[in-house]
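Open the model in your viewer and keep the selection tool at hand. Each stop below tells you what to pick next and what is there.

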Amino acid sequence: MSGVNPELQLAVERWLYDEAELLDDKRFDDWLERLADDIAYLVPIRSNRPPRDRTAQPAEQSSHIEDDKSGLRVRVKRLNTGLAWAEDPPTKTRHLITNVRIDPSEMPNELQVKSNFFIYIARPNVEQASFAGERHDVLRVLENESRFELARRTVVLDQTILATNTLSLFF
Amino acid sequence: MIDAVARLRPELEGLVSADGGSLSARVFVDEQLYQLELARVFAKCWLFLVPAGEIPNPGDFFSTYMGEDPVLVVRQPDGSVAAFLNQCRHRGAALCRSDHGNAKLFQCSYHGWTYDTAGRLTTVRGEDKNFDAPVDRDAWSAIRVPRIAIENGLVFGSFDAGAPAFRDSLGDAAPYFDAMFARSEGGLDAIPGAFRWRVKGNWKLAAEQAASDGYHFFISHASSLIAITPEGMGAPPKARTPNIQFSSELGHGIGLSTDMNHLPTNDAIRVGPHTSRWNVEVERPQAAERLGELLTTQNRPIYGLIFPTFAYLPSNHTIRVFLPKGPNEFEVIAWTVVPHEAPPEVREEARISTARAFGALGIFEQDDAANWNDIRHALRGYAARQTRFNMEMGSGPLRVDETYPGTVQTSESELGSRRFYRRWLNLLSAEQA
């Protein structure tokens with residue numbers, strides 16, 4: 001555990017909680033504002049493999065999501081059309097963000113932040129879903145230590161077969 | 001099962017009207033029909049298993065399902081592919097719990113019987129001490145999938161030892177199959193990493209859509225089409241693409257774009273500029289050289305189903321197979337595919353755009369899943385299950401166009417859907433099991 005000062009810890013946690021609020025309130029345009037222009041947003045596909053499997057991970061792999069900012073804009077633009085039927089009426093989501101761990105990065109103005117998430121999703125007709133996992137973020141420090149932008153997010157999902165895909169959410 | 005069929009037969013015939021113009025809601029929810037499907041569709045037909053490139057080396061395996069039967073598909077030392085039930089012959093526990101990997105043998109974790117990569121029983125724990133005689137290897141090996149075909153780098157299997165050869169099972173769809181999968185020397189590469197997700201709905205909705213449903217596209221996917229079309233390009237390219245659909249009485253269906261002038265723009269929007277250019281300059285001419293111009297440079301397949309459950313969206317670079325999980329749920333396994341000859345920038349555009357549009361979290365996939373989910377929800381109701389659904393679109397006299405092999409209609413016809421459900425019904429009600 002590196003010597004992260006409590007103020008920085010608080011500032012990062014507050015930033016993550018505010019982000020979760022934007023997502024759950026579906027203020028996606030405001031959420032996009034918090035992302036660096038060079039953001040890389042990745043949700044790798046995971047699978048169940050034997051414990052001693054030595055097959056090398058291939059260099060080229062599909063991911064559930066592999067978006068830059070323009071790709072994330074496409075997803076938000078779809079939700080803003082008013083024609084995204086899977087979101088009519090809107091899905092209710094709740095992001096619970098926990099276990100926030102901060103480590104310095106090799107870049108002086110960046111922080112490596114890991115957090116755990118649990119996302120509860122409710123759709124019409126008592127249909128529910130949930131996702132748990134870990135986010136590996138790179139937060140870039142702007143001006144002072146209370147403002148950040150998200151420069152990279154890798155989402156490690158704990159589901160291998162996604163139990164639902166009527167999802168317009170961001171992790 | 002045969003008794004059940006005899007008992008059901010009078011009811012079966014009415015499920016899909018003789019002209020195919022209407023359909024009973026029961027086909028999507030009935031548990032008895034579902035059990036019949038497992039025996040008569042999934043244990044009979046050729047089913048897609050895995051891209052051969054996903055299991056390149058001896059011992060490489062991929063775990064999947066044929067119907068609800070779990071199977072291991074394994075590359076053999078001689079380069080062939082074997083598939084067998086993922087079920088130990090002692091008490092039926094699984095031989096392998098992983099999705100994919102490499103194995104020298106498969107050992108059941110219950111009592112430790114082991115099997116080689118072809119599913120042949122090798123060792124029985126305690127055999128020399130506790131069994132009166134050696135266990136008969138021929139009788140007690142894992143149940144092999146008797147028929148395997150590798151066609152253009154795609155592995156198919158059938159549980160029916162007497163099934164026609166895979167090529168013959170394509171019937172009049174063979175030229176269209178080639179126009180999708182045999183366009184180049186190297187065929188299609190699957191990018192490693194299979195998308196897997198569950199949909200709450202009946203598998204036939206997804207299959208029928210891939211065979212024949214150009215109709216839903218601009219409504220279901222309106223938001224996604226608007227979203228992927230860059231600012232300044234005006235409205236999404238809707239009615240500008242006149243399309244046609246081939247359909248086979250065997251249930252296969254393939255949609256083709258006839259507006260080749262617009263295709264480069266469409267490819268650029270859907271996939272990316274490199275892909276658009278490469279398709280015009282290399283991919284289509286190369287395919288035309290192998291297959292002739294009709295289904296390569298004059299028309300291009302844009303969606304298709306090889307009955308019952310193998311679907312391809314060529315302009316979106318994805319193949320998928322639908323695995324039934326009861327009448328009310330199915331699993332999708334999908335891969336992003338690119339022509340083997342494609343340069344790195346085309347592979348990258350395919351990988352990224354396919355995930356965005358048609359991966360498990362793809363924006364187009366969400367639209368479809370929501371609709372299928374709603375259908376299932378309503379069909380929990382008694383009155384809803386007594387209803388019939390309309391499949392009459394384009395049911396006028398067949399427009400015969402000698403230019404094309406087989407039967408081709410405009411995409412504003414549901415002929416492909418009618419044929420899909422008639423074929424399904426024929427299999428269910430066949431005389432012998």
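Select strands E3 and E6 of chain B in this predicted model. E3(B) and E6(B) are antiparallel partners, joined over 3 bridges. Click B:Phe62, then look across to E6(B): B:His100 is the bridge partner there.

Now turn to the other partner, strand E4 (residues 69–75) of chain B. E3(B) and E4(B) also run antiparallel, with 6 bridges between them. One bridge to find links B:Tyr65 with B:Pro70 in E4(B). Follow the chain round the hairpin of E3(B) and E4(B), where 2 residues lie between the strands. Stop at B:Gly67, which has a positive phi near 65°.

Is E3(B) enclosed or open? Count its buried residues. The tally is 6 of 7, so E3(B) is largely enclosed by the rest of the structure.

**Zoom out to the domains**

Colour residues 47–151 of chain B as domain 1 and residues 170–428 as domain 2. How far apart are the C-alpha centres of the two domains of chain B? They lie 33 Å apart. Contact between them takes 9 residues of domain 1 and 9 residues of domain 2 in chain B.

On the domain 1 side, look at strand E2 (47–51) and strand E3 (60–66) of chain B, since picking them shows where to look. Each supplies at least two residues of the side that touches domain 2 of chain B. E2(B) gives the most to that side, with 3 residues. Colour this side of domain 1 by class: you get 4 nonpolar, 3 polar and 2 charged residues.

**A buried strand in domain 2**

Select strand E16 (residues 300–306) of chain B. How many of its 7 residues are buried? The count is 7 of 7, so E16(B) is largely enclosed by the rest of the structure.

Show its neighbours next. Strand E15 (residues 253–257) of chain B pairs with E16(B) in the antiparallel sense, over 5 bridges. Click B:Leu256 and find its bridge partner in E16(B), B:Pro301. Then add strand E17 (residues 310–313) of chain B. E17(B) and E16(B) are antiparallel too, with 3 bridges. Here B:Leu305 has B:Ala311 of E17(B) as its bridge partner. E16(B) and E17(B) make a hairpin, with 3 residues between them.

**One residue, far-flung contacts**

Pick B:Leu23, in strand E1 (residues 22–24) of chain B. Buried or exposed? B:Leu23 has 22 C-beta neighbours inside 10 Å, so it counts as buried. Leaving out residues up to four places away in sequence, B:Leu23 touches B:Val16, B:Arg388, B:Phe389, B:Met391 and B:Tyr421. Now draw a C-alpha to C-alpha distance from B:Leu23 to B:Ala357. The pair is 334 residues apart in sequence and 30 Å apart in space.

**The whole of chain B**

Show chain B as a cartoon. You should find 14 helices and 21 strands. Its radius of gyration is 22 Å, close to the 22 Å that the globule rule gives for 433 residues, so chain B is as compact as a globular protein of that length. Turn it about its principal axes: the C-alpha trace spans about 80 × 55 × 40 Å. Buried residues make up 48% of the 433 residues. Of the contacts in chain B between residues at least 6 apart in sequence, 64% join residues at least 24 apart.

**Across to chain A**

Show both chains. The contact takes 39 residues from chain B and 37 residues from chain A. On the chain B side, several elements each supply at least two residues, among them strand E19 (330–339), helix H11 (344–358) and helix H12 (363–378). Which element gives the most to this side? H12(B) does, with 8 residues. By class, this side of chain B has 16 nonpolar, 13 polar and 10 charged residues.

Finish on helix H3 (residues 69–80) of chain A. At 1.5 Å a residue, its 12 residues should span 16 Å, and the end C-alpha atoms are 16 Å apart, which agrees. Select its buried residues: A:Val74, A:Arg75, A:Lys77, A:Arg78 and A:Leu79. What covers them? The cover includes helix H2 (28–33) of chain A, together with H8, H11 and H12 of chain B. Last stop: A:Gly82 follows H3(A) and has a positive phi, near 80°.

Technical notes: Residues numbered from 1 in each chain as written. Chains lettered and ligands numbered in written order. Predicted model: local features only at pLDDT ≥ 70, side-chain atom pairs only at ≥ 80, totals over all residues. Contact = placed C-beta atoms within 7 Å. Helix = DSSP H or I, 4+ residues; strand = E, 2+ residues; numbered from the N terminus. Nonpolar A, V, L, I, M, F, W, Y, C, P; charged D, E, K, R; others polar. Buried ≥ 20, exposed ≤ 12 C-beta atoms within 10 Å, placed from the backbone. Pairing = 2+ DSSP bridges. Rg over C-alpha atoms; globule rule 2.2 N^0.38 Å. Expected span 1.5 Å × (residues − 1). Domains from an automatic or database assignment.
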